[in-house]
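Welcome, and please open your viewer. We will go from stop to stop, selecting a few residues each time and looking at what is there.

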Amino acid sequence: MTPETLASDIRAGSRPALAKAITMAESTLAKDRSLAADTLRLLPQQASTIRLGISGPPGVGKSTFIDVLGMHLVGRGHRVAVLAVDPTSRRTGGSILGDKTRMPNLGQAPEAFIRPSPAGQTLGGVAANTAEAVVLCEAAGFNIVIVETVGVGQSETEVANLTDLLLLLVSPGGGDDLQGIKRGVMELADLVVVNKADGDLELTARTTAVDYGNALHLMKPRHPGLRAPVLLASALKGNGVEEVWEQVQDIHTWLAKEGLLKAQRGDQSVQRMWQAVRAGLLAGLPGASDEISDLEDGVRTGAIAPQAGAEAILNLKDSLR
Ligand SMILES: Nc1nc2c(ncn2[C@@H]2O[C@H](COP(=O)(O)OP(=O)(O)OP(=O)(O)O)[C@@H](O)[C@H]2O)c(=O)[nH]1
Ligand SMILES: [Mg+2]
């Protein structure tokens, strides 16, 4: 398997080739990663696609929502890729598979590609691998790429840095603390959707939507001039999903028109370059060597200044070359 054949198979829309390339990008083996990198070099990095991040607390209905949204999009002739990033997958093991099975309809659709991604296994973390997977999916002809992640603080920031816009899904209720969702996370949201607005929860959902609207009003919007709308939906009943998509499209069109889309993707790429540099710098370090533990001890007790410790570690790396 050469990068050339892999790239041309991906361009031809081959799913096995796409899956293989993503596996290579996620691999911990240097030779796999370099095959992925060489393949990526042969593929376009920018495409006129929609990259949508969907985040929210565990169990809020992200997968159910994406299943319905995805089917809606497929029905309109789109090709949809879903990358489900689970920052908890390493600890809990099975939860990734759970995600996959929770998109029963989209999982069967030939126009869709669903890929659960284990997080944090390689240097560079969630963002590095998923960013490569996004580009690979686009090269394979998927014009809408959805990245699902469980909101655990840091993961929202990472997903916001991988996508054009971030949808925050929340459940009805939650009271004053708005379900413990941090201000920083709210400020990343381009739109907020209160899911489970059905049955007994419908009324609560309406109040929750008002609460979020009020809270957002007091915050700095992610893009000046764009106030995040708050919508109601029921993924279970399929209500409100079309309206959410209309908003997503409107926001995306606005971002493009303002030149923000291009600027943002450009910034994201530069950021990823530096992430890769940092990962590369760290990769050659013997993480648990005696010298490093001694340096850590010295820094901890104050015998060595942090800057001096960093310098010593970087010198150590140079001496290993
Ligand atoms: N009443 C109601 N229940 C829903 C709705 N959407 C999802 N659920 C239920 O909520 C539960 C969790 O749904 P998921 O789609 O798996 O939630 P998730 O956010 O993807 O969960 P994690 O990926 O584990 O964080 C399931 O039992 C769904 O049936 C909805 O709109 N209304
Ligand atoms: Mg899920």
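Start by selecting Val-68, Leu-69 and His-72 in helix α4, then add Val-241, Glu-242 and Trp-245 in helix α11: these two sets of residues meet each other. Bear in mind as you look that this is a predicted model. Now show both helices whole, with α11 covering residues 241-257 and α4 covering residues 62-75. Their axes come within 10 Å and cross at roughly 70 degrees. Angles of 65 to 115 degrees count as roughly perpendicular, so that is how α4 stands to α11. Colour the contact by class and you should find four nonpolar residues, one polar and one charged.

Stay with α4 and bring up ligand 1. Which helix gives the most residues to the shell around ligand 1? Helix α4 does, with three. The ligand has 17 residues around it, and those that come nearest are Gly-61, Lys-62, Ser-63, Thr-64 and Leu-236. Colouring the shell by class shows seven polar residues, five nonpolar and five charged.

From Leu-236, one of the residues that come nearest to the ligand, step across to Asn-195. The C-alpha atoms of Asn-195 and Leu-236 are 8.9 Å apart, although 41 residues separate the two in sequence. Look for Asn-195 in the loop between β6 and α10. Is Asn-195 buried or exposed? Asn-195 has 26 other C-beta atoms within 10 Å, and 20 or more is enough to count as buried, so Asn-195 is buried.

Next, select the contacts of Asn-195. Beyond its neighbours within four places in sequence, they are Val-60, Gly-61, Phe-65, Leu-169, Ser-171, Ala-233, Ser-234 and Ala-235. You have already met Gly-61 beside ligand 1.

Move along the loop to Lys-196, which also lies between β6 (191-194) and α10 (202-217). Check its backbone angles: phi is positive, at about 65 degrees, although Lys-196 is not a glycine. Lys-196 is buried, with 27 other C-beta atoms within 10 Å.

Now turn to another pair of helices, α2 (residues 15-26) and α3 (residues 30-41). At what angle do their axes cross? The crossing is at roughly 125 degrees, and the axes come within 7 Å. That angle makes α2 oblique to α3, and the crossing is left-handed. To see the contact, select Ala-21, Met-24 and Ala-25 in α2 together with Asp-32, Arg-33, Leu-35, Ala-36 and Thr-39 in α3. By class, this contact has five nonpolar residues, two charged and one polar.

For the last single residue, pick Ser-269 in helix α12, which covers residues 260-283. Ser-269 has 13 C-beta neighbours inside 10 Å and therefore counts as partly exposed. Add Leu-162 to the selection: the two C-alpha atoms are 9.0 Å apart, while the two positions lie 107 residues apart in sequence numbering.

Finally, zoom out to the whole chain. How many helices and strands does the chain have? There are 14 helices and seven strands. Of its 321 residues, 40% count as buried. Among contacts between residues at least 6 apart in sequence, 73% join residues at least 24 apart.

Conventions:
Residues are numbered from 1 along each chain as its sequence is written. Chains are lettered from A and ligands numbered from 1 in the order in which they are written. This is a predicted model: local features need pLDDT of at least 70, side-chain atom pairs count only at pLDDT 80 or more; totals for chains, interfaces and linings use all residues. A residue is near a molecule or strand if its C-beta atom, placed from the backbone, lies within 6 Å of it. Helices (H or I, at least four residues) and strands (E, at least two) are DSSP runs, numbered from the N terminus. Ala, Val, Leu, Ile, Met, Phe, Trp, Tyr, Cys and Pro count as nonpolar, Asp, Glu, Lys and Arg as charged, and the others, Gly among them, as polar. Axes are lines fitted to C-alpha atoms, for helices over the stretch in contact, and angles run from 0 to 180 degrees between N-to-C directions. Angles under 35 degrees count as roughly parallel, over 145 as roughly antiparallel, 65 to 115 as roughly perpendicular and the rest as oblique. A crossing is left-handed if the near helix is turned anticlockwise from the far one by less than a right angle, and right-handed if clockwise. Two residues are in contact if their C-beta atoms, placed from the backbone, lie within 7 Å. A residue is buried if 20 or more other C-beta atoms lie within 10 Å of its own, exposed if 12 or fewer, and partly exposed in between; C-beta atoms are placed from the backbone.
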